[in-house]
Amino acid sequence: PVLLPLFFGTLNRPPRQRSRRSAPGAVPYLNGGLLEPQPVERRLAGAYVPNVLWRDAFDGLFQKFCFCVREADEVGAVAPDMLGHVFERVMDAEERHATGTFYTPEPLVRRLVTAALATALTGRAGLTHEGALALLAGSPPAATDLPAVARAVARLRVLDPAVGSGAFLLGALETLTQAQLALAGPAARHAPSGIRRRIIRANLFGVDLSPSAVHLTELRLWLAVIADDPTAN
């Protein structure tokens with residue numbers, strides 16, 4: 001009686017589209033994609049999961065683990081990159097092989113993304129390859145036209161044509177965030193959430209044959225934004 005209207009009548013709808021019965025106070029709108037009913041939920045629309053089962057799930061399972069919203073930042077906590085492992089493991093082995101669905105470790109993602117972005121930036125706005133690498137690591141390049149470099153970084157477009165669980169787009173988000181924070185100066189370091197939102201909106205693109213993969217990537221990108229969001233809700 002609480003979770004269904006919260007998920008499917010409140011969080012996934014802008015305030016003006018909510019009914020008075022389904023809106024428990026000032027709950028923010030997340031977006032329509034993350035919390036849309038899935039096909040199995042539509043087929044079983046009349047199914048009801050009693051509260052005792054939800055209580056057992058939370059008390060008997062989720063409360064046993066420490067979860068965090070940052071990607072692999074907190075040692076000993078279950079991070080969102082765990083979803084990539086789950087996405088791979090629930091697939092049939094033959095399907096995983098046929099679709100090339102394999103989990104890529106975060107250190108490898110970081111190296112590949114940094115190399116690709118540094119190559120893309122080299123020669124733009126007078127950046128050397130070493131200067132591009134330094135910028136992507138969070139250090140503004142010396143003796144360079146910083147506004148021109150900032151425009152070059154803002155114009156980058158990253159496309160993953162087989163996005164899977166979103167590992168490479170998450171890596172690109174983190175790397176571009178470091179670069180834009182370095183270019184914006186110390187004042188921006190306390191509010192990276194706005195920069196992440198702009199990068200997701202303008203610089204990152206992904207495609208996948210699997211709708212589940214697309215939703216999973218959306219979820220991980222959303223978690224990356226709210227991890228640093230200073231707003232109360």
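So, the nonpolar patch on the surface: in this predicted model, about 1,100 Å² of it is made by Val49, Val52, Leu53, Trp54, Phe58, Leu61, Phe62, Phe65, Phe67, Met82, Val86 and Val90. Which helices each supply at least two residues of that patch? Those are H3, spanning 51-60, and H4, spanning 82-89. H3 is the biggest giver here, with four residues in the patch.

Let me pick one member of the patch, Phe65. You'll find Phe65 in the loop between H3 and H4. Is Phe65 buried, exposed or partly exposed? Its relative accessibility is 46%, so Phe65 counts as partly exposed.

Okay, next door in sequence, the cysteines. How many disulfides does the structure hold? Zero. Take Cys66, which is in no disulfide: the nearest cysteine sulfur belongs to Cys68, and that sulfur is 6.8 Å away. Now look from the other side. The closest cysteine sulfur to that of Cys68 is the one in Cys66, and because 6.8 Å lies between them, they are too far apart for a bond. For a pair to count, the two sulfurs would have to be within 2.5 Å. The two residues also sit in separate accessibility classes, if you check them one by one. Cys66 has 46% relative accessibility and therefore counts as partly exposed. Cys68 has 10%, so Cys68 counts as buried.

Now over to Asn203, which I'd like you to click on. Where is Asn203? In the loop between helix H10, residues 192-202, and strand S2, residues 204-206. Asn203 comes out at 3% relative accessibility, and buried means under 20%, so buried is what we call this one.

What does the side chain of Asn203 have at 2.9 Å from one of its polar atoms? The backbone oxygen of Ala154. In sequence, Asn203 and Ala154 are 49 residues apart, while their C-alpha atoms are 7.4 Å apart in space. And Ala154 has company. Leaving out residues up to four places away in sequence, Asn203 touches Val153, Ala154, Arg155, Leu156, Arg157, Val158, Leu176, Gln180 and Arg198.

Let me zoom out to the whole chain. There are 11 helices and two strands. Reading along the sequence, you get α-α-α-α-α-α-α-α-β-α-α-β-α. If you want a box for the C-alpha atoms, go for roughly 65 × 45 × 35 Å along the principal axes.

What share of the 233 residues is buried? 34%. The accessible surface of the chain comes to about 14,100 Å², and carbon and sulfur atoms own 61% of that.

One last number, on contacts. Take the contacts in the chain with a separation of 6 or more: residues 24 or more positions apart account for 56% of them. The Asn203 and Ala154 pair, at 49 residues apart, is one you can look at on screen for that kind of separation.

How values were computed:
Residues are numbered from 1 along each chain as its sequence is written. This is a predicted model: local features need pLDDT of at least 70, side-chain atom pairs count only at pLDDT 80 or more; totals for chains, interfaces and linings use all residues. Side-chain values use heavy atoms; hydrogens and water are left out. Patches are made of residues with over 30% relative accessible area and no salt bridge: like charges are joined within 9 Å, nonpolar side chains (Val, Leu, Ile, Met, Phe, Trp, Tyr) within 5 Å. Accessible areas come from the Shrake-Rupley method with a 1.4 Å probe; for residues, only the protein chains shown count as cover. A salt bridge is a side-chain nitrogen of Lys or Arg within 4 Å of a carboxyl oxygen of Asp or Glu. Buried means under 20% relative accessible area, exposed over 50%, partly exposed in between (1.4 Å probe, protein chains only). A polar contact is a pair of N or O atoms within 3.5 Å; within protein, one must be able to donate a hydrogen and the other to accept it, and residues adjacent in sequence count only if both atoms are side-chain atoms. Contact means heavy atoms within 4.5 Å.
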